[in-house]
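Here are a few exercises to work through with the model open beside you. Try each task before you read its solution.

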Amino acid sequence: FTYCALVLARTTLNDSKVLLPTGLVILSVFYIMAVMHYSRMDLLFAAFINLSFVAFYKAIRQDKASLWTLAAFAFSGLATLTKGPLGFAFPIVIIVAFLAWQGRFRRLFKWDFLAGFVILLLFPICWLGAAILVEGRDFVDHLLYKQIYKRTVDASHHGQPLFYYFVGLP
């Protein structure tokens, strides 16, 4: 995760002087220090999200279609496999908002973004297809409803509805 954050800093800021402070800030975050000593999917999830941001940044620096866009969507797909729908929600919402803010919304309709969305959808579709073949439809229904939907809208650590995340996350 730390290395992926350094890659993001080096790519976006284009200044090697920020790498050491970036690494130190990341390593000083209590949560990261607390979970670095054992394997958790949160850090892998964050690493894929950071790699997605790096690839999106490299892709949108140019007006023409780019293979970096496909890589960004692939990293988003891996993040989705790691921890669920937020794996594509974070990068997609941010890139759409950023391009709209820059007045480059039309960039979303080039072939690379359209192909990227297909690539992004292939990750969960392939996984769900394999899960249905191996475990059956009931397993997938339980997973999607109880483990993803219910944990999002009816989590035990807060009693607020779904819009809680739009207020709580920022």
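Three exercises with worked solutions follow.

This is a predicted model, in which local features need pLDDT of at least 70, side-chain atom pairs count only at pLDDT 80 or more, and totals for chains, interfaces and linings use all residues. Residues are numbered from 1 along each chain as its sequence is written, and side-chain values use heavy atoms, leaving out hydrogens and water.

**Exercise 1.** Count the helices and strands of the chain.

Solution. Take helices (H or I, at least four residues) and strands (E, at least two) as DSSP runs, numbered from the N terminus. The count gives nine helices and zero strands.

**Exercise 2.** Decide whether Ser52 is buried or exposed, and list what it touches.

Solution. First, place Ser52 in helix α4, residues 41–60. Next, apply the classes: buried is under 20% relative accessible area, exposed over 50%, partly exposed in between (1.4 Å probe, protein chains only). Ser52 has 0% relative accessibility, so it is buried. Finally, with contact meaning heavy atoms within 4.5 Å, Ser52 touches Ala72, Phe75, Ser76 and Pro91, leaving aside residues up to four places away in sequence.

**Exercise 3.** Classify the aromatic pair of Phe73 and Phe113.

Solution. Rings of Phe, Tyr and Trp (its six-membered ring) pair if their centres lie within 6.5 Å; planes under 30 degrees apart are stacked, over 60 edge-to-face, the rest tilted. Here the centres are 5.8 Å apart and the planes at 90°, so the pair is edge-to-face. Phe73 is in helix α5 and Phe113 in helix α7, so the pair ties together parts 40 residues apart in sequence. Both belong to one aromatic cluster with Phe56 and Phe117.
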